[in-house]
Amino acid sequence: MSNPDAQPAVRVSKLSYVGFETPDVARMTEYYHGVLDFELVDSAPDGAFLTTGADHHCVVLTQGEAKARVAVGYEIWEDLGTAQQRLSDAGYEVERRTDIGPGTPDVLVLDEPGTDVPLHLITSQDPSGVRDTPPLRPTKLGHVASFTPALAPMQDFYQDLLGFRWSDTVGDFFVFLRCNADHHAANFMASGKYQGMHHIAYEMRDPAHLITMLDRLAANDYRLHWGPGRHGPGHNLFTYHKDPDGNTIELFTQLDVIHDEAKGYWEPRPWHETTPMGPRTWEVDLATVNAWGPVNHEMLDH
Ligand SMILES: [Fe+2]
């Protein structure tokens, strides 16, 4: 962060939703609803809104070319009027819209610098009305990772303007940022050759929940291309597979959490390399990307 004492224009409190364009909305809806157990809250001929729980949606599918992370929604602490003024004062073009779609009647839209992905800032979503808890449904949308042509300006934007905190960096190319107690809600990989989404991640309750879902994935012919393993940064137990459009989907559990920002370290866990353990820059070695061993080098290609 360019100035650690500066106040951000707004403070993001939660990753709310991610938008996908897909050539086959029905196929992707079947994957999310029929395989991952998300609830289909709203659908239209050219779109679908899916949720894991109380929020109206955490995944938005719209008809188009296969393209992930076409919009990212974040909840903020400020009221939208205050946020719009502060973002404008900071020199950003912000639009207040009431036509984004169901569940989010009042939205501030600003483009993410470097990618032009629209960021949707909201106070909260309308409730989904979903009350049931099917045994395999993920607990929540956890984080979204994306490529960026310029890492430092992206990190500054998220920290200085949106109130994210730095959690970890791998080498000089992969940054993890948090907006609440979870180790990361957004991560960015520097790349001169790739753009768009790197992966999106959904949280499972515990390893047993994750394993049971892996059996459902296998029964539906979805195979892992990495994991299970344990990452260094965040220490989440991870698995990766591809959705029907080829987007990389992570299912994870046991992500590091920071309950006390003043203390500045993650809640201690037996698998931590040091105690106490807080944000750091990791060397690029095998144990960093998977403490358990196997590495999928494609996942680090940038
Ligand atoms: Fe991840």
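## A quick tour of the model

D182 sits in the loop between β11 (174-178) and β12 (186-190). Keep in mind that this is a predicted model. Three things are worth looking for as you turn it around: an iron ion held by H143, H199 and E250, an open sheet of 9 strands, and another open sheet of 8 strands. Here's the rundown, topic by topic.

**Two loop residues**

- Back to D182 for a moment: at 14% relative accessibility, D182 counts as buried, because the cut-off for buried is under 20%.
- Setting aside neighbours within four places in sequence, D182 touches K140, L255, D256 and V257.
- T52 is another loop residue, found between β3 (47-51) and β4 (59-63).
- With a relative accessibility of 14%, T52 also counts as buried.
- Again leaving out neighbours within four places in sequence, the contacts of T52 are F38, C58, R137, P138, T139, K140 and L141.
- K140 turns up in both lists, as a contact of D182 and as a contact of T52.

**The iron site**

- The iron ion is coordinated by NE2 of H143, NE2 of H199 and an OE atom of E250, at 2.0 to 2.1 Å.
- Along the sequence, these donor residues follow the spacing H-x55-H-x50-E.
- H143 belongs to strand β9 (residues 140-148) and H199 to strand β13 (residues 197-203), so the pair ties together parts that are 56 residues apart in sequence.
- Both histidines are tucked away: H143 is buried at 0% relative accessible area, and H199 counts as buried at 3%.

**The 9-strand sheet**

- This open sheet runs in the order β14-β15-β16-β13-β9-β12-β11-β10-β17, with mixed pairing.
- At its edges stand β14 (224-230) and β17 (280-282); each has a single partner strand, so one side of each is left without a neighbour in the sheet.
- From one strand to the next, the twist averages 20 degrees.
- The partner of β17 is strand β10 (residues 165-170), and these two pair in the parallel sense over 3 bridges.
- If you want to find that pairing on screen, look for V170, whose bridge partner in β17 is W282.

**The 8-strand sheet and its helices**

- Here the order is β2-β3-β4-β1-β5-β8-β7-β6, and the sheet is open with mixed pairing.
- Its edge strands are β2 (39-44) and β6 (95-97), each of which pairs on one side only.
- The average twist in this sheet is 25 degrees from one strand to the next.
- β6 pairs with strand β7 (residues 107-111) in the antiparallel sense, over 3 bridges.
- R97 has V107 as its bridge partner in β7.
- Helix α1 lies across β1 (12-22), β2, β3 and β4, and runs at about 160 degrees to β4.
- Helix α2 (residues 80-89) lies across β5 (67-76), β6, β7 and β8 (118-122), at about 20 degrees to β7.
- A26 is part of α1, which covers residues 25-35.
- That residue, A26, is exposed, with a relative accessible area of 57%.
- A26 and G47 are 21 residues apart in sequence, with their C-alpha atoms 8.8 Å apart in space.

**Aromatic rings**

- The whole structure holds 17 aromatic pairs.
- One of these is F147 with Y194: the ring centres are 5.3 Å apart and the planes meet at 35 degrees, so the pair is tilted.
- F147 is in strand β9 and Y194 in the loop between β12 and β13, so this pair links distant parts of the chain, 47 residues apart.
- F147 is buried at 10% relative accessible area, whereas Y194 is partly exposed at 34%.
- Y158 and F188 have ring centres 4.9 Å apart and planes at 50 degrees, so this pair is tilted too.
- Y158 comes from helix α3 (residues 151-161) and F188 from strand β12, so the pair ties together parts that are 30 residues apart in sequence.
- Both partners are buried, Y158 at 0% relative accessible area and F188 at 2%.
- F20, Y31, Y32, F38, Y202 and Y222 make up one aromatic cluster.

**Charges over rings**

- R230 lies over the face of W271, 3.9 Å from the ring centre.
- The charged end of R280 is placed over the ring of W282, at 4.3 Å from its centre.

Terms used. Residues numbered from 1 in each chain as written. Predicted model: local features only at pLDDT ≥ 70, side-chain atom pairs only at ≥ 80, totals over all residues. Heavy atoms only, no water. Donors = N, O, S within 2.8 Å, 3.2 Å for Na, K, Ca; no water. Helix = DSSP H or I, 4+ residues; strand = E, 2+ residues; numbered from the N terminus. Buried < 20%, exposed > 50% of the residue type's maximum accessible area, 1.4 Å probe, protein only. Contact = heavy atoms within 4.5 Å. Phe/Tyr/Trp six-rings, centres within 6.5 Å; stacked < 30°, edge-to-face > 60°. Lys NZ or Arg CZ within 6 Å of the ring centre and 35° of its normal. Pairing = 2+ DSSP bridges. Axes fitted to C-alpha atoms, helices over the stretch in contact; angles between N-to-C directions.
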